[in-house]
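Colleague: Could you take a close look at one part of this model for me? I'd like the strands first, and then whatever else you find worth mentioning.

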Amino acid sequence: MIWPVDLIIMVLVMICGIGAIMVRDLLGAGILFGAYSFMMCLLWAIMGAVDVAFTEASVGAGVSTVFLVAAVFRTSRRTKD
Amino acid sequence: MDTLISVKPLIAVLVSLLAIPLIGFSRSPNVREGWTFLAAVIKFALVASMLPAVLHGKEIICQVVEVLPGLSLAFRVDAFGMLFALVASFLWIITSAYSIGYMRGLDEHAQTRYFCFFAVSLSAAIGVAFSANLLTMYLFYEMLSLATYPLVTHHQDEEARTSGRKYLLYTVGASIGLVLPAMLVTYHFTGNLDFSPQGVLAGTASRGTVALLLFMFVFGFAKAAVMPLHSWLPAAMVAPTPVSALLHAVAVVKVGVFSIVRVITGIFGTDMLQAFDLSTPLLFVASTTILVGSFIALSQDNLKRMLAFSTIAQLSYIVLGAAMLSPKGVTGGMVHIAMHAFGKITLFFCAGAIFVATGKKNISEMTGIGRRMPVTMTAFFIGALSIIGMPPCGGFLSKWTLVLGALEADQIAILAVLLFSSLLNAAYFMPVVYRAFFCPPEDALFEARVQEAPLFCVVPLAITAVISLVLLVYPQPFMQLAVMSAAKVTGL
Amino acid sequence: MESLLANFLAKYNYWAYIGLVMIGMYAMIAKRNLVKKIIGMNIVQTAVILFYVSIAAKKGKTIPIIAHGHEDTGHHAVQALDYISPLPHVLMLTAIVVSVATLGVALALAIKVYRQYGTLEEDEIAMRIEEQ
Amino acid sequence: MSAHFPGLVIIIPLVAAFLILIGALLDRRLAFPLTALALLGSLLTAIGLLGKVIQTGVVEYHLAGWAPPVGIAYRVDHLNALVLVAVATVAFVNLMGTRELVKGLFEDRLGPFYTLYILLIAGLQGIVVTGDAFNLYVLLEIAALTGYALVGMSEGRAPLSSLNYIFIGTVGASLYLLGVGYLYLVTGTLNMADLAVRLPALYPSKVVVSAFVICLVGLCIKMGFFPMHAWLPNAYSHAPDPVSSLVAPLVTKVMIYVMIRMMLFVFTPAFAFDQMAISEPMVWLAIAAIVAGSFMALSTRRLKRMLTYIIVAEVGYMVGGFWLGNRLGISGAILHIVNDAIMTLCVFLSAAAIISKVGSDAIDDMQGLFKKMPVTMGVFVVAGLSIIGVPPTCGFFSKWYLISGAVAAGQYGFMAALLLSSLINLVLFFRIFEIAYFEPFHDHHGDHGHFVSAVQEAPFEMLVTLVVTAVLLFALGIYAGDIVSQIIDHAIPVGIT
Amino acid sequence: MRFLALITILMVGGLLFYGTPDFPAWGDPESPASLHVSPYYIEHAVEDTAVPNIVTAVLADYRGYDTMFETAVIFSAGIACLFLLRIYRRKSTTTRLYRHNLTGITLRIAKGGKLPEGSAEFERIDSLWVPYDMIIKVTSRLVVPFVQLFALYVIAHGHHSPGGGFQGGVIFGAAIILYAISNDLRRAFRRLNEKAALLASAAGVLLYAGTGLMCLLLGGNFLDYSKLADLLYTDAIMARSHGILIVEIGVGLAVMAVMVSLYYNLSSAGRHDEGL
């Protein structure tokens, strides 16, 4: 029963990843990257890597996103691609 | 064969290097030149002190450090090396004296640098003479190339710059591009680069490889100015005359031919070259250089350039002698190192003395100069005779031996080359002498009353001229050394 | 065909990580915005982590924390096969730390670049350099 | 205590890093002496370790007391002891020489600078001694991160170059990590010695083959091997001078060491040379690297940039020498790691001295320097001669081994490339010497005259370190035979002839 | 560029695809990776270290050396950011803005003059458009203590449940970052200033490395916590457990401080003004 969930999350990871590099707004890209990290963390939790998932949740989805947003705030949101 | 183990060769090489700090930090010019003299005399004394042992057929060995497995920095003094070292270290003393006169006479800049690099060059030359293997020789060969660069470019002007470039490109370029790979390939075949009387390469490589290696070596030692790698030598004549004299008539170019002869006899071995019949192409190259060099010398007006082309031709005599692979030929080639050295250095000293006294460089401006500077021009005449190979001078002896060698080897063509080139030598030297002594001086050419050059210039050139004469009647120890080593390398 | 599909499905995690590596690398090479490149770089790093976590996974086994370990009931046999392999998890904790550290330094440099050129687009930066 | 040498050699600089930061928070002037002390300790330990390895053979150290493969182990053999000493020497010498420069450049951030500096050294030394493939990755990242920061801290294009360095470096490191993951997937271990035991049975597996290729590609990227070299000249030439004289000698060389370590002691020569059969293409790539590096160096008229292109060529020397696959070639590559580290240090240090005094790194601005900075230029000449490969400097001897290896392997193309690069180096350096030697006698007396006359010798400590490195160049050359027979011969597995 | 990118990623992808068919099936408990070293950890972690969370045991003990360097990596990232971005300004002569929080009136004070620090009603701001938001400030003030408490729990309970020094440290740092976002950087500095953050990060790693050194001085190898037994009055196994706790605290401290200092530098671009 767990397998479909696994697959769905994996598809979400892919979508978020592609979205993060495609969206034409750096703030959006940062947020999507946070979502990507969070989806990734779910995936790992499902695979039983609880410690890794925990870390990714706090680091990838949490602090990294904050850093990205802070950096974008200090530079510019504009992107051409 | 007796061998002696002694550090004397090492010290002989190092003496002038150790003198450099003393020369460099001397406060006054007199002290500086005092150190130079002292180093030169000590060096000569050290070299000479080894002579008796060598004349008794012994060899002196000194191994410094093993830098590569089976290959060490090592010195070995044998007859041939002794011959060259004697010539070079003796002439350093003379040249030092001459340098003082010349450099002070012209009030040159950066004299300290000049004397320092001169000392380095001499170390390198003696190092080449005494090296026991190809690696050591290569080391000192490169050292010499680099140490002479500041000397060649002493004037630091645009001409010196282009000449320096050419000089380095030819000498270092050829040695890195040709000698180094040839040496490595040799090492790959033999695992050993020691010079041995019968060669180390015998029986390890095919004829094609040996031929290739031979020509890489012959052309790679571009200091020997074998055509087509000769054009650095006339260019390097921009250097101050003592530099041209010692380095381009004695140390640098002789190191080139010395290396070639050493490699032919010590690495390849005469037997193998004979077996593979490789002497003919070598003879051809040398003969071409002799003839072409002489012809070009005919057309030169600048005295030093003429001497340079004459040197190119004369150097190939030595290569020619070695390439004959016969005992007489090799002997002739080796003795010619000494004879040519004394003759040519006299000529260069004269050219320098003329320049110091009058500021003239071209032959066409020297009309009647013999009356003004009789000693100098007499010495010039003697030197020229020696180079041509006329009887009262030592040059006759070496050429005679070479001719005998050619006959011994049944090389009639070579005989013709030797004789014809002597004619050419006469053709380019004699007009100078004629113009100097027998044409009336054109006073317009000389503003003031021209006198002899400073004493420091004249005495050395007189000495070398006298020695050139003496060598005909008393060619020892050079002749004996050459005969000894020729006998050893040809196995007779 | 059937076996190919089964083979494909049995390793879909591995295919996914390859896809993510490719996405990340594409962003790093093709995108001209520096922050986009940095995001691409992090995607590559997480993809590698996904690969390691996939190595560790064992179908139907439990997380690597010993049940009742703290009750001190003696050393009842712990079966290695019952637990998911912990070693890759440990390694990946380190890798995550490395990725956040790299992110921090990269962002700092991006801010410095912006300070200097006023833009994050590589082509515009190249133009500014030309102008100088 | 000597039992702990392998650990201490890393721990001393690591612990010192934190103390330096704390010390610098108290008083900025404490940073330098603390760093010097720590690096000296590390250097002495490294030398002690080398002595111990020569005497007793391989030294193992089990961190946290767990034997491998459960724990992490250091395994110090002749190879890493030698490289370790080279790294420690370069780090220490560069530190001493660049004190004034650093003070001038980073006056307000000395603490962070020296902390990063020593962490970089700790990372590099760790890479050299570690016997664990994953531990190596962590140390790689530490060295890389500190390197990025140091390289990026300069005005101009440095931050951008450093950012590109980060991108490339991270991809390289990730690929390496991936390769290690592949190996872990099929063997279940991360210890290098254990991997070497377990891998031979798995050689037919495609996983091992791809692990090999991925690792190699990753390492080639990190070392700046030819087609992946684009980041290197930018990063090294735009970096601050005291940093480029640290990073340029060490980082690429340590990466080459890692390649040698992985190929010889993890994948084993039988796999790397015989089964994979990539020696030929690697040597050809190396030839391309040498030729391309040399010609690119010819095309630039900036001193530091020229030197970095020379590094690109030198990387080709070492990689090519290694992939010749015979004892001579590999000896040459290892010897050249050491020699090139000192050579590059020497040449970059003197370049730093020159640039700091002249105020520009354009070759054309170096007129008359032989007069103004005789000692610095003298050392620069020695370094140049060593890079050209003139005996008795050490550059000649490693080149000798490399060319002998090429001859023995029948790779005459590689030999030709080495000779060509020597010749081009000759041109490169004498081009500079000419300008420094001839120029002032031209027309630059006017406007530039007073500018040049303001130039004078570098600070005393810089001169001392310069002379020391120059002497080292000769010493390494003269003792090349001993280094090879005493150390490098034992470092290469017996099977390689 | 796109074309080049496509070619590159196709090559990399091809390289990675090439090996994949030979992989063991995903999730296979019998795969070689699961049979060699990791069973040792699973079977011996509790008896060796008395830590049921195997990941923590391996992280901080078996491979504790990696973790020390992992902490050093994060430390160097913090220092690197500081080194690259920090702008030290001796004295500012620019205009300063102060806002009266209750009324929203903004004061402009020229030539570097300033209001007394610590007055509750006035707040220094850098840009006029930043709004004052009571709700966010109050909510965050309520949340932060709980987050911090949770962080401490994560560090302390890492032996038994997922978590440990690293996660706890990040969470603790995130709490401070949250405070800094909801108020401003200057206010955060009053809680944890730059120097303290640096000191804490160095002290954290030093605690880790120092523990290792202590083991070395007590006659063991570096980081061999069992040698701490005499010092801690326990047996070797419990000493390992305690040693793990000590280093986890060090890691937590260092990570927390570094995360905060990274945020300080990134969000203000090194100027240490009001931040986000």
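Colleague: In what order do the 3 strands form the open sheet in chain B, and what is the pairing?

Modeller: Bear in mind that this is a predicted model: local features need pLDDT of at least 70, side-chain atom pairs count only at pLDDT 80 or more, and totals for chains, interfaces and linings use all residues. Residues are numbered from 1 along each chain as its sequence is written, while chains are lettered from A and ligands numbered from 1 in the order in which they are written.

The order in chain B is E1-E2-E3, with mixed pairing (strands are DSSP runs of E, at least two residues, and helices runs of H or I, at least four, numbered from the N terminus; strands pair if DSSP finds at least two bridges between them). Strand E1 (2–5) and strand E3 (71–77) are the edges, each pairing on one side only. From one strand to the next, the twist averages 35 degrees. Strand E2 (residues 58–68) of chain B pairs with E3(B) in the antiparallel sense, over 7 bridges. On E3(B), B:Ser72 sits opposite B:Glu66.

Away from that sheet, 52 residues of chain D are in contact with 48 of chain E (C-beta atoms, placed from the backbone, within 7 Å). H6(D) gives the most to chain D's side, with 11 residues. That side has 34 nonpolar, 14 polar and 4 charged residues (Ala, Val, Leu, Ile, Met, Phe, Trp, Tyr, Cys and Pro count as nonpolar, Asp, Glu, Lys and Arg as charged, and the others, Gly among them, as polar).

Terms used: Axes are lines fitted to C-alpha atoms, for helices over the stretch in contact, and angles run from 0 to 180 degrees between N-to-C directions. Two residues are in contact if their C-beta atoms, placed from the backbone, lie within 7 Å.
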